[in-house]
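Please open the model in a viewer and keep the sequence panel at hand. The tour below proceeds by selections, each followed by a description of what is found there.

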Amino acid sequence: MMHYQLDGITLDDALVARLAQQGWQPTDATQSTTSADVALVDLTLIEEAAVGAKLAQQKTAMTIALVQPEQPHLASAALANGADDYLLLPLEVVQLELLLQRLLCVSQSTSTMVASAPSSRQLMMLAQRAAMVPATVLLSGESGVGKECFARYIHEHSPRAAQPLVTVNCAAIPDSMLETLLFGHVKGAFTSAFSDKIGKFEHANHGTLLLDEISEMSPALQAKLLRVLQEREVEKLGSHQPIKLDIKVIAATNRDLRAEVAAGRFRQDLFYRLDVLPLHIPPLKERREDILPIAQSLLQRYSRQYNASHCSLSNCARDALLNHDWPGNVRELDNRLQRALVMRHGASLMATDLGFDAVAAAPVGQAIAQSKKQLEFQCIVDVLKQNSGNRSRSAEALGITPRALRYKLAQMRENGIDIDSELKRAANF
């Protein structure tokens with residue numbers, strides 16, 4: 001049984017009864033000892049600058065913001081400040097049910113995906129939407145962010161989950177081989193074609209095909225791929241008999257395809273054919289709330305392989321993980337944890353096991369680090385005051401992303417800094 005909490009809105013009895021049939025029960029945060037799983041928060045009367053403070057009051061794991069159709073700025077502010085999704089008022093029953101179902105799916109997912117950061121949960125919910133329709137998905141993001149994991153997640157949550165997920169790395173295969181690998185060939189199509197061969201498109205029929213690093217495909221092959229996507233049929237090399245396709249295509253790239261189109265390296269018509277449902281995966285440094293949960297998940301995965309069932313991360317290892325910029329993203333984190341399991345000297349993994357320099361523990365070093373942190377915190381408070389608490393403008397002024405600012409604010413709260421009181425005090429002067 002899942003519980004929801006209402007903030008600033010009431011639901012009619014018919015809707016409450018319908019949600020109860022789906023396994024959702026309301027709870028009163030002021031009277032019940034049962035914590036809610038999700039909060040429905042009405043933001044229609046809230047100023048944009050106060051959205052972050054309003055959402056920060058919620059003690060639930062997930063939050064749905066409710067706004068009017070003419071308040072897109074509030075919806076954007078809600079997503080930037082950690083809401084999992086938003087709905088327009090008046091509530092449409094089917095949309096609310098579908099959204100609650102997606103939230104439930106994210107919270108109870110048994111896949112290897114980890115989503116603790118709000119941006120990651122939002123992305124997983126978008127991935128679920130993308131999974132339910134046959135439209136093409138374009139995954140973008142830096143190398144190592146987990147594009148293949150997201151592709152697998154989409155496949156597993158689609159109606160095609162029982163069918164194969166076929167992956168092709170377009171950058172690892174020469175063009176001369178990639179064409180026959182994708183489309184297949186018949187006997188005698190070329191000199192070494194001694195028998196018929198099924199291509200990846202045909203192999204993935206009724207399932208999902210992931211075209212990884214699609215930006216590396218040659219212009220000639222791009223043209224042939226465009227035709228297959230347009231016609232939803234493929235012809236083997238040497239054959240004129242089309243094979244009808246019922247297939248979901250996911251393309252992935254670590255490049256900016258719009259820039260590649262502008263530079264003439266990628267066909268514009270193919271880009272628009274692929275860019276139906278674009279999902280951008282942020283780098284790991286922009287979703288730091290995911291770092292430790294991903295590390296714990298990887299430790300669990302490798303525990304048997306490295307005979308490390310009792311291994312845990314020491315405090316210095318946790319600090320090192322959180323303070324690193326992760327240029328290699330999740331792939332780098334995976335590699336460092338495997339290295340640590342090999343190099344460890346006990347049940348606790350140390351920062352040095354992970355390949356980081358040992359953190360100086362001298363009192364002077366700690367005092368200097370603490371002073372720097374206090375100066376940083378004070379700078380953030382001053383900028384927030386200057387921007388009347390507006391997180392988006394403050395992040396821009398600080399030269400960081402809104403997600404990075406949320407991470408800093410969470411650190412400040414953990415250090416006992418009451419940000420809301422500071423802003424209220426400034427507003428009264």
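A residue is called buried when its relative accessible area is under 20%, exposed when that area is over 50%, and partly exposed in between. With this scale in mind, select R152 in this predicted model: its relative accessible area is 32%, so R152 is partly exposed. Add E148, which is likewise partly exposed, at 36%. The two residues form a salt bridge, with their closest N and O atoms 3.4 Å apart. Both belong to helix α6 (residues 147-156), where they are four residues apart, about one turn of the helix.

Next, select D290 and R287. Their side chains meet in a salt bridge of 3.3 Å, N to O. Are these two residues buried or exposed? D290 has a relative accessible area of 0% and is buried; R287, with 5%, is buried as well.

Move on to R288 and D325, which are joined by a salt bridge whose closest N and O atoms are 3.1 Å apart. R288 lies in the loop between β14 (277-280) and α12 (291-302), and D325 in the loop between α13 (315-323) and α14, so this pair ties together parts that are 37 residues apart in sequence. R288 counts as buried, at 13% relative accessibility, whereas D325 counts as partly exposed, at 47%.

Now select helix α14 (residues 329-343) and find D334 within it. At 14% relative accessibility, D334 counts as buried. Which residues does D334 contact, leaving aside its neighbours within four places in sequence? They are L298, R301 and Y302. A295 can be added to the selection: its C-alpha lies 7.6 Å from that of D334, although the two are 39 residues apart in sequence.

For a view of strands, select strand β4 (residues 62-67) together with β5; the two pair in the parallel sense over four bridges. L66 has L87 as its bridge partner in β5. Adding helix α3 (residues 72-80) completes a right-handed β-α-β unit. In a regular strand the side chains alternate between the two faces of the sheet. Strand β5 (residues 85-88) shows such alternation: D85 and L87 point to one face and are buried, while Y86 and L88 point to the other and are not.

For a further selection, take E216, R255, E260 and R265, which are linked in a network of salt bridges.

Finally, colour the model by pLDDT. The protein averages 86, and 92% of the residues score at least 70. Over residues 359-368, pLDDT stays under 50, and the model has one contact beyond four places in sequence for this stretch. Where pLDDT is low, the predicted coordinates should not be read in detail.

Notes
Residues numbered from 1 in each chain as written. Predicted model: local features only at pLDDT ≥ 70, side-chain atom pairs only at ≥ 80, totals over all residues. Heavy atoms only, no water. Buried < 20%, exposed > 50% of the residue type's maximum accessible area, 1.4 Å probe, protein only. Contact = heavy atoms within 4.5 Å. Pairing = 2+ DSSP bridges. Right-handed = clockwise from strand over helix to strand, strands pointing away. pLDDT = per-residue confidence, 0-100. Salt bridge = Lys/Arg side-chain N within 4 Å of Asp/Glu carboxyl O.
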